[in-house]
Amino acid sequence: MTTPLADFLRAYAASGTARLHMPGHKGSGPLGCEAWDITEISGADSLYEASGIIAKSEQNAAVLFGSAATFYSTGGSSQCIKAMLFLALQNRPAGASPVILAARNVHKSFVHAAALLDFEPVWLWPEGRTGSLCACPVTAAGLEKALASLPAPPAAVYVTSPDYLGNLQDIPALAGVCHRYGTLLLVDNAHGAYLRFLSPSLHPLDQGADLCCGSAHKTLPVLTGGAYLHISKTAPTALRENARAALALFGSTSPSYLTLASLDLCNAYLAGEGPKRIQAAAYGLAEVKRELSARGWSFAGTEPLKLTFDASRSGWEGFALADLLRAGGVEPEYADRDFCVLMASGSTDEEALGIAARAVGAAVPGPARLRPARAPAMGERAASVREALFAPQETVPAEKSLGRICGAPTVACPPAVPVAVSGERIGEEALALFRYYGVEAVDVLRKR
C-alpha cells in the first residue's frame with residue numbers, strides 16, 4: 001500500500017530546501033526527528049481541508065477498515081468523540097431530540113462534549129451491579145426498554161467498547177435495536193483499533209455501528225495522539241460530508257505531521273505484516289492467560305489484546321499486583337484496588353509475554369477478597385452539564401462534598417471514567433466511590 005504522506009516528508013527532508021516557514025526548529029535540532037516535522041507548506045496538504053496526500057492516505061485507511069470514509073485525528077479519540085457527537089446532533093432526523101443515550105462508563109471527553117454542544121445525556125445504567133466503575137454492560141433488551149421510554153428518538157446511542165477492563169459490548173444486537181428505532185449507534189472504540197484485523201473481525205463497523213473512533217496509538221504502531229474517525233457505509237451520507245469540518249471544530253490548526261506520518265505508515269503495516277502480528281500477539285496472550293489460570297489466577301474481560309487480572313478474586317489488591325509486575329520488569333497499563341490490566345499489541349513479542357508470565361509466576365493466588373458490589377452513583381441532576389461546567393467553581397475535599405453540585409467531571413484517572421458528572425448533586429453513593437477510588441478533592445459549584 002502506498003504511503004503518500006511519509007513519501008512527501010522523506011523527500012522534503014532530503015531536498016535541502018531553505019525552510020523559511022514554521023516550525024521554528026527549521027528541520028534540524030537536538031531531537032533528531034525535526035526533519036519530518038513540518039507545517040502546511042506547498043504540497044503537504046492540510047488536514048481539515050485535505051485534497052492531496054492526506055486525503056489519499058485517509059482513503060487508504062478507509063479501504064483497510066472497510067469504512068465509507070476514515071478521517072485522521074492528531075488529538076486522539078478525545079477529538080473524534082466530540083466530532084462524532086457533533087455530527088449526530090447536527091444530522092439528527094426531524095423529531096429527534098438533542099439527547100444522547102449513553103452507557104454511563106463514558107470517558108470524560110464525552111462530558112466535555114455535552115458542555116460544549118449543550119446536549120442532554122440520558123444514562124444507560126448497568127443492569128445489576130458491576131465489579132468496577134469502568135464497566136457498564138448494555139443488553140439489547142435494556143436498550144430497547146430505554147429507547148421506548150423516551151418521548152422521542154435520541155440523536156444517538158453511545159457506548160464504550162472495549163472498556164478499560166477489556167469488556168466488549170454486543171454491538172450487533174445493540175445496532176439492530178438502534179436502527180429499528182431510527183437512531184445512530186456511536187462507539188467509543190478507542191482501545192480497539194486493532195479489532196478489524198482479527199479473524200473474524202470484531203470491529204464495531206463490521207458489527208453495525210454507524211460511527212466510531214479508534215485510538216491508533218493505543219494498539220497500533222502509531223505515535224501518541226494518532227486516531228481515526230470512521231463512518232460506516234450504511235450511515236447517512238451527510239455524516240461523512242461534514243466530518244472534516246466537525247473534527248476541525250475540536251482540533252488544533254497545527255496538527256502534528258509526525259503523527260500524521262505515523263498513521264500513514266501504519267497503513268502499509270496493516271496491509272502487510274500487521275494482521276499476522278496482531279493475531280500472533282492475541283494467541284500468545286491467550287496462552288499466558290491459560291497458563292496463569294491453571295495456577296489459580298482469575299481474569300476479567302474478553303478483549304483479545306488485554307490481560308485483565310481480577311486481582312480481588314485472586315486474593316490480591318490490584319495495586320499490589322502492579323507493584324509485583326514492576327518488580328519483575330513489567331509496567332502495566334492500569335491498576336486499581338480490584339484489577340490490574342496489561343495491554344499487548346502486534347509489537348509485543350514472545351519475550352515480553354514471557355517476562356510478564358514469570359513476573360507473576362512466583363506469586364501464589366489466595367482466597368478471594370470480599371469485593372462489595374458497587375453501582376455507579378446515580379446523582380440527582382441539579383443543573384445541565386453545560387451550566388455546571390461553565391459556572392464558577394471551587395475545589396473542596398471529597399469528604400466535604402456531600403450535597404454539593406459537581407462542577408468538572410470527577411474521575412479516578414487513569415482511567416477517565418467519571419464518578420460524578422457535571423451538574424449532578426453529590427450523594428452518599430458518590431462519596432463511597434470517591435473513598436474507594438482514592439479521589440481526595442472535587443470541583444463543585446461555588447456557593448453564592
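How many aromatic pairs does the count come to? In this predicted model, the count comes to 11 aromatic pairs, and two of them are worth a closer look alongside a helix contact and a threonine in a loop.

A pair of aromatic rings is described by the distance of the centres and the angle of the planes. For Phe110 and Trp123, the ring centres lie 5.8 Å apart and the planes stand at 50 degrees, so this pair is tilted. Phe110 belongs to helix H4 (residues 108-117) and Trp123 to strand E3 (residues 120-124), so the pair ties together parts that are 13 residues apart in sequence. Both partners can be placed by their accessibility: Phe110 counts as buried at 1% relative accessibility, and Trp123 is buried too, with a relative accessible area of 14%.

Trp297 and Trp316 form another tilted pair, with 5.8 Å from centre to centre and 45 degrees between the planes. Here the partners come from loops: Trp297 sits between helix H10 (274-294) and strand E8 (299-300), and Trp316 between strand E9 (306-310) and helix H11 (318-327), so the pair ties together parts that are 19 residues apart in sequence. Trp297 is buried, with a relative accessible area of 3%. For Trp316 the relative accessible area is 18%, and because buried means under 20%, Trp316 also counts as buried. Elsewhere, Phe65, Tyr72, Phe197 and Tyr228 make up one aromatic cluster.

Attention can now turn to the helices. Two packed helices are described by the angle between their axes and the distance between the axes. The axes of helix H1 (residues 4-14) and helix H9 (residues 257-271) cross at roughly 130 degrees and come within 7 Å. That angle makes H1 oblique to H9. On the H1 side, Pro4, Leu5, Ala6, Leu9 and Arg10 take part, and they meet Tyr257, Leu260, Ala261, Asp264 and Leu265 of H9. Sorted by class, this contact has eight nonpolar and two charged residues, with no polar ones.

The last site is Thr183, found in the loop between helix H6 (171-180) and strand E5 (184-188). With a relative accessible area of 4%, Thr183 is buried. Leaving aside residues up to four places away in sequence, Thr183 touches Leu147, Pro154, Ala155, Ala156, Val157, Cys178 and Asp210. Ala156 appears in a second way as well: the backbone nitrogen of Ala156 lies 3.5 Å from a polar atom of the Thr183 side chain.

Terms used. Residues are numbered from 1 along each chain as its sequence is written. This is a predicted model: local features need pLDDT of at least 70, side-chain atom pairs count only at pLDDT 80 or more; totals for chains, interfaces and linings use all residues. Side-chain values use heavy atoms; hydrogens and water are left out. Helices (H or I, at least four residues) and strands (E, at least two) are DSSP runs, numbered from the N terminus. Buried means under 20% relative accessible area, exposed over 50%, partly exposed in between (1.4 Å probe, protein chains only). A polar contact is a pair of N or O atoms within 3.5 Å; within protein, one must be able to donate a hydrogen and the other to accept it, and residues adjacent in sequence count only if both atoms are side-chain atoms. Contact means heavy atoms within 4.5 Å. Axes are lines fitted to C-alpha atoms, for helices over the stretch in contact, and angles run from 0 to 180 degrees between N-to-C directions. Angles under 35 degrees count as roughly parallel, over 145 as roughly antiparallel, 65 to 115 as roughly perpendicular and the rest as oblique. Ala, Val, Leu, Ile, Met, Phe, Trp, Tyr, Cys and Pro count as nonpolar, Asp, Glu, Lys and Arg as charged, and the others, Gly among them, as polar. Rings of Phe, Tyr and Trp (its six-membered ring) pair if their centres lie within 6.5 Å; planes under 30 degrees apart count as stacked, over 60 as edge-to-face and the rest as tilted.
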